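Here is a short tour of one model, meant to be read with the structure open beside you. Let us begin with a turn and then work our way to the packing inside.

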Amino acid sequence: MPIDAETISALNELYRTKRVALLDDLREALHTQSRTTIFRVLSAAGYRTSYSHAGRYYTLKRIPKFDNRGIWLHRGIGFSVHGTLRAAVTDLVEKSPAGQTHSELQELLHLRVHDTLRLLVHGQTLSRRPFKD
């Protein structure tokens, strides 16, 4: 079902005043309680979900200005060109010649990634090696 011009206009108006939005902001702007409708509109417009704050924040794909590592931070809310926190961590570790420590990742991503690293190692997406100074 196509999205009407009025709905797209309401979405654009919201993102003219806010660079990121919560689901409640979207409900209010789009005058709907339906999550399905909201995500249908977001999908039509193209959107990204935050990797921080449990993925509660949304922005349009055209808004973020990602750094050379694919990270965009807005008022402490993190977005990655790779989408999820797991994908962002995996990319940062794999692209680094010496890998990344937890503290290095924490500084880059502005959040604790201990559990994410544990899950990636346990799932054999990443591996650990001893680091010598």
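In this predicted model, β3 and β4 make a hairpin, with 2 residues between the two strands. Arg75 sits in that turn and has a positive phi of about 50°. The strands themselves, β3 (residues 71-74) and β4 (residues 77-80), pair in the antiparallel sense over 4 bridges. If you want a place to start looking, Ile71 stands opposite Ser80 in β4.

Most residues other than glycine have a negative phi, so a positive value is worth a look. Two further examples are set out below.

| Residue | Phi | Place | Relative accessibility |
|---|---|---|---|
| His110 | positive, about 65° | loop between α5 (102-109) and α6 (114-122) | 54%, exposed |
| Gln124 | positive, near 60° | segment after α6 | 71%, exposed |

His110 counts as exposed because its relative accessibility of 54% is over the 50% cut-off. Gln124, at 71%, counts as exposed too.

Now to the inside. Which residues have the most contacts within the largest nonpolar core? They are Leu11, Tyr15, Leu26, Leu42 and Tyr58, in a core of 20 residues. The elements giving two or more residues to this core are α1 (5-17), α2 (23-30), α3 (35-45), β2 (58-60) and β4, so the hairpin strand β4 turns up here again.

Leu42 is a good residue to click on: leaving aside neighbours within four places in sequence, Leu42 is in contact with Leu11, Tyr15, Leu26, Tyr47, Tyr58 and Leu60. Apart from this core lies another, of 14 residues, among them Leu85, Leu108, Leu109 and Val113.

Terms used
Residues are numbered from 1 along each chain as its sequence is written. This is a predicted model: local features need pLDDT of at least 70, side-chain atom pairs count only at pLDDT 80 or more; totals for chains, interfaces and linings use all residues. Side-chain values use heavy atoms; hydrogens and water are left out. Buried means under 20% relative accessible area, exposed over 50%, partly exposed in between (1.4 Å probe, protein chains only). Two strands pair if DSSP finds at least two bridges between them. A nonpolar core is a set of buried Ala, Val, Leu, Ile, Met, Phe, Trp, Tyr and Cys residues joined through side-chain atoms within 4.5 Å. Contact means heavy atoms within 4.5 Å.
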